[in-house]
Amino acid sequence: MVMVRLLWVALAALSFAVGFLGLFLPLLPTTEFMLAAVYCASRGSPRFEAWIRSRRYVGPLLENWERERAIPRRAKFVAVGMIVASMVMILLHLGQGWLRWAIVALLVAVAVWLITRPEPSAPSR
């Protein structure tokens with residue numbers, strides 16, 4: 001049983017680390033990895049789960065998503081801005097061809113999905 005709990009905690013730590021990188025890297029999602037981290041931590045260490053939820057930058061985002069499937073306007077703005085920056089870099093540095101346009105189309109789809117998510121009805125803490 002101890003090994004199973006350690007595995008859940010290790011998966012939670014890995015998910016949290018990747019989600020944290022997603023705060024700075026445009027193509028790496030944050031919310032999904034933080035949700036995975038909270039799920040895994042809840043299986044292996046409630047204390048670690050509480051710690052993740054208490055983080056200033058991810059706690060309110062997780063609460064909003066779990067409660068209403070909502071994304072705050074500021075988070076949308078930052079995410080879409082990073083997506084646009086990624087598109088510009090791809091268009092400038094990736095050669096001509098279908099891959100370039102496939103990636104841009106995927107990024108546009110992600111941006112549209114983000115923009116169409118509702119905003120939280122209650123302000124985050």
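Me: At 58% relative accessibility, does R73 count as buried or exposed, and how should I read such a figure?

Reply: The general idea is that a residue under 20% relative accessible area is called buried and one over 50% exposed, with partly exposed in between. In this structure, which is a predicted model, R73 counts as exposed because its relative accessibility is 58%.

Me: With which residue does the side chain of R73 meet in a salt bridge?

Reply: The side chains of R73 and E119 meet in a salt bridge, with a distance of 2.9 Å from N to O. This pair links distant parts of the chain, since R73 lies in helix 5 (residues 73-93) and E119 in the segment after helix 6 (98-116), 46 residues apart. E119 is partly exposed, with a relative accessible area of 35%.

Me: How many salt bridges does the structure hold? And which residues are linked in a network of them?

Reply: The structure holds four salt bridges, and E49, R53 and E66 are linked in a network of such bridges. To read a network, take its pairs one at a time. R53 forms a salt bridge with E49, where the closest N and O atoms are 3.2 Å apart, and these two residues both lie in helix 3, four residues apart, or about one turn of the helix. The general reason to look for such spacing is that an α-helix has 3.6 residues a turn, so residues three or four places apart point the same way. The side chain of R53 also meets that of E66 in a salt bridge of 2.8 Å, N to O, and this pair links distant parts of the chain, with R53 in helix 3, E66 in helix 4 and their positions 13 residues apart. As for exposure, E49 counts as buried at 18% relative accessibility, whereas R53 counts as partly exposed at 24% and E66 as partly exposed at 38%.

Me: Which residues of helix 3 (residues 46-54) are buried?

Reply: The way to read a helix is to ask where around its axis the buried residues fall. In helix 3, F48, E49 and I52 are buried; they cover an arc of only 105 degrees around the axis, which puts them on the same side of helix 3. On the other side of that helix, P46 and R47 are exposed. The cover over the buried residues of helix 3 includes helix 1 (2-22), helix 2 (31-44) and helix 4 (59-68).

Me: Which helix gives the most to the largest nonpolar core?

Reply: A core is read by asking which buried nonpolar side chains join, and which elements supply them. The largest nonpolar core here has eleven residues, among them A12, F16, M34, F48, I52 and L62. Helix 1, helix 2 and helix 3 each supply at least two residues of this core, and helix 2 gives the most, with five. Apart from this core lies another, of ten residues, including I71, M87, L107 and A111. Leaving aside residues up to four places away in sequence, F16 touches F33, M34, A37, W51, I52 and R55.

Me: Which residues make the nonpolar surface patch of about 610 Å²?

Reply: Nonpolar side chains can also be sought at the surface, and here F20, L21, L23, F24, L25 and Y57 make that patch of about 610 Å². One of these residues, F20, lies in helix 1 and is partly exposed, with a relative accessible area of 42%.

Me: Is S45 buried or exposed?

Reply: S45 lies in the loop between helix 2 and helix 3, and its relative accessible area of 17% makes it buried. Not counting residues up to four places away in sequence, S45 touches R5 and V9.

Technical notes
Residues numbered from 1 in each chain as written. Predicted model: local features only at pLDDT ≥ 70, side-chain atom pairs only at ≥ 80, totals over all residues. Heavy atoms only, no water. Buried < 20%, exposed > 50% of the residue type's maximum accessible area, 1.4 Å probe, protein only. Arc of directions from axis to C-beta. Contact = heavy atoms within 4.5 Å. Patch = residues over 30% accessible without salt bridge, like charges linked within 9 Å, V, L, I, M, F, W, Y side chains within 5 Å. Areas by Shrake-Rupley, 256 points an atom, 1.4 Å probe, with all protein chains shown as cover. Core = buried A, V, L, I, M, F, W, Y, C linked by side-chain atoms within 4.5 Å.
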